[in-house]
Amino acid sequence: MSQAGDYAAVKKDIAALLHQPEYDDGSAGPVLVRLAWHSAGTYDAETDTGGSNGAGMRYEAEGGDPANAGLQHARVFLEPVKRAHPWITYSDLWTLAGCVAIQEMGGPEIPWAPGRTDFVDDSKLPPRGRLPDAAQGADHVRHIFYRMGFNDQEIVALSGAHNLGRCHADRSGFSGAWVQNPTRFSNTYFRLLLAVDWKHKQLPSGIRQFMYIDEDLGEELMMLPTDIALRDDAKFKVWVQRYAEDRDVFFEDFTKVFAKLMELGLKRDESGSVLNTDNVKGGYIS
Ligand code: DDH
């Protein structure tokens, strides 16, 4: 067991488990990033509910939300790390794992700070339906992300996470990867969004997505309706173009906005300690 507070030891163990030859594209990284995002993306700024604090996905109310299908794989990957470092809260572990995975896959270093609690405050529990629905368009995307407190530029930067991983028919119903190398963080997603003539495709299940077949590689890539909405909305498109042109600007903006996502709902004092965890009735249960 490591010393309480030895986050470097936790990071090392997370990095070591990313290589998973039997899983997806050989990496646990993308699904860990999605776990971090879905743990935080339930936040509602107006009512100050949801967010990563509480690690609510451990319980059926949130874990069983169809939007979270498949994320049990990510939680199972992280169990040995929690066992080796039992002092870390799940909410800290899940958010840290997303940041470590991004960096290990060639992305930027995301500033991350600990202090989340695993105490579930019933008054802060998010209802289902707070995460985005990929079948919808720009209005829906704005509605979901404005609720968390993000603007158009931040929405597009965050969406660049779709450089990573893939859709699974048995999880979301959508199918395929966005880029050819889905375990390498880059701005390829934005470049493909603009460069390629995306065609409608209806899956046997009736689900509609977009596809492109790379004849040279004989590979099929995909986009969700919400991804295409970023290309087709004039205000979003400005940022898609910016990030397609300049990888460094994308990395810089992604770093800031992913760090902001991981902090939603936390209040820190000047020294960085989280104020709204030991205030909640009952305190810690980790
Ligand atoms: Fe996403 N995402 N996402 N996404 N996402 C899926 C996979 C992954 C939407 C829908 C889907 C973000 C935004 C949106 C990742 C990161 C992020 C899948 C496929 C769907 C559907 C799930 C499956 O079948 O396994 C929609 C809609 C939006 C939206 O913005 C409107 C954001 C903001 C992030 C982020 O991390 C900041 C990652 C990574 C994956 C790949 C997961 C995997 O298992 O591989």
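**The ligand shell in the predicted model**

Helix 2 makes the greatest contribution to the shell around the ligand, supplying 5 residues. The model discussed here is a predicted one. Helix 2 spans residues 29-40, and it is joined by helix 6 (138-148) and strand 1 (166-167), each of these three elements providing at least two residues of the shell.

Seen at the level of domains, the arrangement is easy to follow. Domain 1 (7-131 + 255-263) and domain 2 (138-253) both contribute residues to the shell, so the ligand lies between them. The space that the ligand takes up is the largest pocket. Sorted by class, the residues of the shell comprise 16 nonpolar, 5 polar and 4 charged ones.

A closer look at the surroundings helps to pick out individual residues. The ligand has 25 residues around it, and those that come nearest are Trp37, His162, Arg166, His168 and Ser172. For Trp37, a polar atom of the side chain is found 3.2 Å from a nitrogen atom of the ligand. Arg166 takes part through its backbone instead: a polar backbone atom of this residue lies 2.9 Å from an oxygen atom of the ligand.

His162 deserves a paragraph of its own. This residue is located in the loop between helix 7 (152-159) and strand 1. An N or O atom in the side chain of His162 is 2.9 Å from a nitrogen atom of the ligand. The ligand also contains an iron atom, and His162 is its only protein donor, with NE2 at 2.1 Å from the metal. His162 is thus among the residues that come nearest to the ligand and is also the only protein donor of the iron atom.

Terms used. Residues numbered from 1 in each chain as written. Predicted model: local features only at pLDDT ≥ 70, side-chain atom pairs only at ≥ 80, totals over all residues. Heavy atoms only, no water. Near = heavy atom within 4 Å. Polar contact = N/O pair within 3.5 Å; in protein donor to acceptor, adjacent residues only side chain to side chain. 1 Å grid on protein atoms, 1.4 Å probe; cavity = no way out; pocket = protein on both sides within 12 Å on 5 of 7 lines; lining within 4 Å. Sits in = over half its atoms within 2 Å of the grid points. Helix = DSSP H or I, 4+ residues; strand = E, 2+ residues; numbered from the N terminus. Nonpolar A, V, L, I, M, F, W, Y, C, P; charged D, E, K, R; others polar. Domains from an automatic or database assignment. Donors = N, O, S within 2.8 Å, 3.2 Å for Na, K, Ca; no water.
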